[in-house]
Amino acid sequence: MWLVNCRTIMLEQFVGSNIPKYAILSHTWEKEEVSFQELDGLALHDPTRPQLRKHIYKTRPKGYHKIFETCLRAIERNLGYAWIDTCCINKESSAELTESINSMFQWYQDAIECYVFLSDLSAGTTSSEGFAGCKWFTRGWTLQELIAPTTVLFYNQSWEYLGTKEEFCDEISLITNINKEVLEGSAKLWNESVAARMSWAAHRETTRTEDLAYCLLGIFEVNMGMIYGEGQNAFRRLQEEIVRRSNDLTIFAWNQASGEEADSGIFAQSPTLFEGSGIIEPIDQALLDPEFSLTNKGLKF
C-alpha cells in the first residue's frame, strides 16, 4: 500500500500490518490529476509552511491542490499519512492495479477519516440546497467511499468544512436510497439483500463500462481479476462471483428494461435493472436455505 507522507508530500510504501494511521480522500476525477509517477518525482514539502498554499495554487496543476489540502487537514488532525487514489496507485502495473481495486473497500474502511471534496458545491451553498446536485453522489466509485469509512467529513469546492456523514445522514439517505442504519454503521452492510445493495448503484456511472462492476467488489465482499476491454461481461462475472459466495436468491430480483430483449440469461446486464429492488429484504434462511451452483450449462439448483 502506497501512502503520501503528509509532511514531505512523497510516496512511501507499507506492507502487511506495518501500516500507519492515515486519512483518505474521496472525490471525483477532473482535469490535471496527479499520477503515481508525477507525484513520486516531485515534492512540495511541508504543507504547513506559510505562503505555500498561494505558491501551489499559482504554480501547480489542480490535482496538487487536492493533495495539498488533504495533507494539510490530515496534519491538523494529527495524521501523518494520506491515501489518494489518483497518485497512490501505480496504474502502469496491472498487478498493483488489481490488488488496489480489490483492496479499496478495506482501505477506506481502515482509514481514520475520509475527506469528501465536493468540487461542484460552491461556497455558501448548504447541504440541503446543493448535495443532491453534486456529481459525487452519481459516480460508481464513491458508493463504497461513502459506506466503508466510519468517519466521513464533507468539504465544499473552497475546502470549507460542512459536516459529517452522521450529521447529514437523513439527506444522504434520501439522495442515495441507502438505509440510514447502514450509513450510521448501526446495521451491517452484509445483512442487506444483494438486490438492495445492487439498487444503490442503479443510477451511478463510471467512465469505463467495466468499472461499474469493479467498483462494487467491496460492497459484495468478492474479489476478481481486472480485464479492461471485457465490457458488460465484467458485471456478469461479478454476479457469478456473488453466487459462488452467497445463496441469496434476491440476486435474481431484477426487472428487464422495457422494450429491451433479454440476452443475458438469468443475470442482469447492469445495476440499472435493480432500480426498483431497494425494498427487497434478504430471505430468512431459517425458512429457505437453497443450494445452487454455477456449471458449464448455467445455474444448477
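Colleague: Happy to look at this one with you! How many helices and strands does the chain have?
Modeller: Glad to help, and please keep in mind that this is a predicted model. Counted along the chain, the secondary structure comes to 11 helices and nine strands.

Colleague: What share of the residues of the chain counts as buried?
Modeller: Burial here means under 20% relative accessible area. The chain has 301 residues, and the share of them that counts as buried is 51%.

Colleague: And the surface: what part of the exposed area do carbon and sulfur atoms supply?
Modeller: The chain exposes about 14800 Å². Of that area, the part supplied by carbon and sulfur atoms is 47%.

Colleague: Let's turn to the sheet. What is the strand order in the open sheet of seven strands?
Modeller: The pairing in this sheet is mixed, and the twist averages 30° from one strand to the next. Reading across the open sheet, the order is β2-β1-β4-β3-β5-β6-β7.

Colleague: Which strands stand at the edges?
Modeller: An edge strand has a single partner, so one side of it is left without a neighbour in the sheet. The two strands in that position are β2 (10-13) and β7 (161-164).

Colleague: I'd like to look at β3. How many bridges join β3 to β5?
Modeller: Strand β3 covers residues 22-26 and β5 covers residues 113-117, and the two run parallel. Along the pair, A23 stands opposite E113 and I24 stands opposite C114. The number of bridges joining β3 to β5 is four.

Colleague: On the β4 side, what is the bridge partner of Y22?
Modeller: β3 and β4 also pair in the parallel sense, over three bridges. Y22 belongs to one of these, and its partner in β4 is Y81.

Colleague: Which residues of β3 point the other way from Y22, I24 and S26?
Modeller: β3 is mostly covered, with five of its five residues buried. Y22, I24 and S26 point one way from the strand. Pointing the other way, and also buried, are A23 and L25.

Colleague: What angle does the direction of α4 make with that of β3?
Modeller: Helix α4 packs on the sheet, where it touches β1 (2-5), β3, β4 (81-83) and β5. Its direction and that of β3 make an angle of about 110°.

Colleague: Now the aromatics. How far apart in sequence are the parts that the pair of F105 and W190 ties together?
Modeller: The structure holds 17 aromatic pairs. F105 and W190 form a tilted one, at 6.0 Å centre to centre and 55° between the planes. F105 lies in helix α4 (residues 94-110) and W190 in the loop between α8 (180-184) and α9 (194-199), so the parts tied together are apart in sequence by 85 residues.

Colleague: Is W190 buried or partly exposed?
Modeller: Its ring partner F105 is buried, with a relative accessible area of 7%. W190 has 34% relative accessibility, so W190 counts as partly exposed.

Colleague: Which residues does T70 touch, leaving out those up to four places away in sequence?
Modeller: T70 lies in helix α3 (residues 62-76) and is buried, with a relative accessible area of 0%. Two of the residues in its contact list, Y115 and W159, belong to one aromatic cluster with F117, Y155 and Y161. The full list for T70 is L25, A82, I84, Y115 and W159.

Colleague: One last one: how far apart in space are F154 and C114, C-alpha to C-alpha?
Modeller: F154 lies in strand β6 (residues 152-155) and is buried, with a relative accessible area of 0%. F154 and C114 are 40 residues apart in sequence, and their C-alpha to C-alpha distance is 8.5 Å.

Terms used. Residues are numbered from 1 along each chain as its sequence is written. This is a predicted model: local features need pLDDT of at least 70, side-chain atom pairs count only at pLDDT 80 or more; totals for chains, interfaces and linings use all residues. Side-chain values use heavy atoms; hydrogens and water are left out. Buried means under 20% relative accessible area, exposed over 50%, partly exposed in between (1.4 Å probe, protein chains only). Contact means heavy atoms within 4.5 Å. Accessible areas come from the Shrake-Rupley method with a 1.4 Å probe; for residues, only the protein chains shown count as cover. Rings of Phe, Tyr and Trp (its six-membered ring) pair if their centres lie within 6.5 Å; planes under 30 degrees apart count as stacked, over 60 as edge-to-face and the rest as tilted. Two strands pair if DSSP finds at least two bridges between them. Axes are lines fitted to C-alpha atoms, for helices over the stretch in contact, and angles run from 0 to 180 degrees between N-to-C directions.
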